Amino acid sequence: MQDEPSKFLTGHQKREFAERLLKWWQTNKRDFPWRRTTDSYRILIAELLLRKTTAKQVSTLYEKFLSKYPDPKMLSEASERELENIIRPLGMEHKRAVLLKEIGSGIIRKYSGQVPTSKENLMELPGVGSYVANAILCFAHGLDVPLVDTNAIRVFQRVFGFQSKRRRPK
């Protein structure tokens, strides 16, 4: 972003913004199955499926996907064609299938079947960047880490009038 909000907001303003945002959340939040878990694997799968598609689309197949691939071992053993068939409604099924299989295999090979618990190790997994790593650390492990996605940027721009210099802010 062009300017950081923290440089211009007082401590009181920051708290007030956070309180108002949390109050808004209480009356406007949407319920999805990945918001009701602290399981790292389930959160990882949700984040990967949520890329470039809507939460509503993912919610229609999330539980079915996890019942068929409940852990990294089962995911690593799946065929790409099988994965493509189950995730086809989300689009980009070939690319997603390859990535999901690589993720499962990487977790088995490098981390003995356990989703890593450090940001550095999470980011070593294929397709996992800072946002996905932080989502796992926040929702599975309760760590206070930033989750700044396009939606958060849109809120900052609307509320504080900040504009990014980038065409597609991240």
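This is a short walk through one chain, from its overall make-up to its helix packing and then to a few single residues.

Thank you all for coming; please keep in mind throughout that what you have in front of you is a predicted model. The chain has 9 helices and 0 strands, so if you read the elements from the N terminus on, you go α-α-α-α-α-α-α-α-α. Taken along the principal axes, the C-alpha atoms fill a box of roughly 50 × 30 × 30 Å, and of the 170 residues of the chain, 36% count as buried. If we take the contacts with a separation of 6 or more, residues 24 or more positions apart account for 52% of them.

Let me begin with helix H6, which covers residues 93–111. At 1.5 Å a residue, the 19 residues of H6 should span 27 Å, and the end C-alpha atoms are 26 Å apart, which agrees with that expectation. Which residues of H6 are buried? They are Arg-96, Ala-97, Leu-99, Leu-100, Ile-103, Gly-104, Gly-106, Ile-107 and Tyr-111, and what covers them includes helix H2 (40–49), H3, helix H4 (72–77), H5 and helix H7 (119–122).

One of those covering elements, H2, deserves a closer look. H2 and H6 pack at an angle of about 155 degrees, with their axes 11 Å apart, and that angle makes H2 roughly antiparallel to H6. The crossing of H2 past H6 is right-handed. On the H2 side the contact is made by Leu-44, Ile-45, Leu-48 and Leu-49, and on the H6 side by Arg-96, Leu-99, Leu-100, Ile-103 and Ile-107; by class, these residues divide into 8 nonpolar, no polar and 1 charged. You will recognise Arg-96, Leu-99, Leu-100, Ile-103 and Ile-107 from the list of buried residues in H6.

H2 also packs with helix H8, residues 130–141, at an angle of about 145 degrees, and here the axes are 9 Å apart. Here too H2 passes its partner, H8, in a right-handed crossing. From H2 the contact takes Ser-40, Ile-43, Leu-44 and Glu-47, while H8 brings Tyr-131, Val-132, Ala-135, Ile-136, Phe-139, Ala-140 and His-141; in terms of class, the contact of H2 with H8 has 8 nonpolar, 2 polar and 1 charged residues. Leu-44 appears in the contact of H2 with H8 and also in the contact of H2 with H6.

The third pair is helix H3, residues 55–68, with helix H5, residues 80–87, which pack at an angle of about 155 degrees with their axes 10 Å apart. That angle makes H3 roughly antiparallel to H5, and H3 passes H5 in a right-handed crossing. Here Leu-61, Lys-64, Phe-65 and Lys-68 in H3 meet Glu-82, Leu-83, Ile-86 and Ile-87 in H5, so that, with Asp, Glu, Lys and Arg counted as charged, the contact has 5 nonpolar, no polar and 3 charged residues.

Staying in H3 for a moment, I would point you to Glu-63, which lies in that helix and is partly exposed, with a relative accessible area of 39%. Leaving aside residues up to four places away in sequence, Glu-63 touches Pro-33 and Arg-42. The C-alpha atoms of Glu-63 and Trp-34 are separated by 9.3 Å, although these residues are 29 residues apart along the chain.

Now to the backbone on either side of H6. Most residues other than glycine have a negative phi. Met-92, in the loop between H5 and H6, nevertheless has a positive phi, near 50 degrees, and Met-92 is partly exposed, with a relative accessible area of 40%. Just after H6, Ser-112 takes a positive phi of about 50 degrees, although Ser-112 is not a glycine. Is Ser-112, which sits in the loop between H6 and H7, buried or exposed? At 68% relative accessibility, Ser-112 counts as exposed, because the cut-off for that class is over 50%.

Finally, a word on the C-terminal part. Arg-166 is found in the segment after helix H9 (150–160) and is exposed, with a relative accessible area of 55%. Measuring from C-alpha to C-alpha, Arg-166 and Leu-99 are 27 Å apart in space, and 67 residues apart in sequence, Leu-99 being one of the buried residues of H6.

Methods
Residues numbered from 1 in each chain as written. Predicted model: local features only at pLDDT ≥ 70, side-chain atom pairs only at ≥ 80, totals over all residues. Heavy atoms only, no water. Axes fitted to C-alpha atoms, helices over the stretch in contact; angles between N-to-C directions. Helix = DSSP H or I, 4+ residues; strand = E, 2+ residues; numbered from the N terminus. Parallel < 35°, antiparallel > 145°, perpendicular 65-115°, else oblique. Left-handed = near helix turned anticlockwise from the far one by under 90°. Contact = heavy atoms within 4.5 Å. Expected span 1.5 Å × (residues − 1). Buried < 20%, exposed > 50% of the residue type's maximum accessible area, 1.4 Å probe, protein only.
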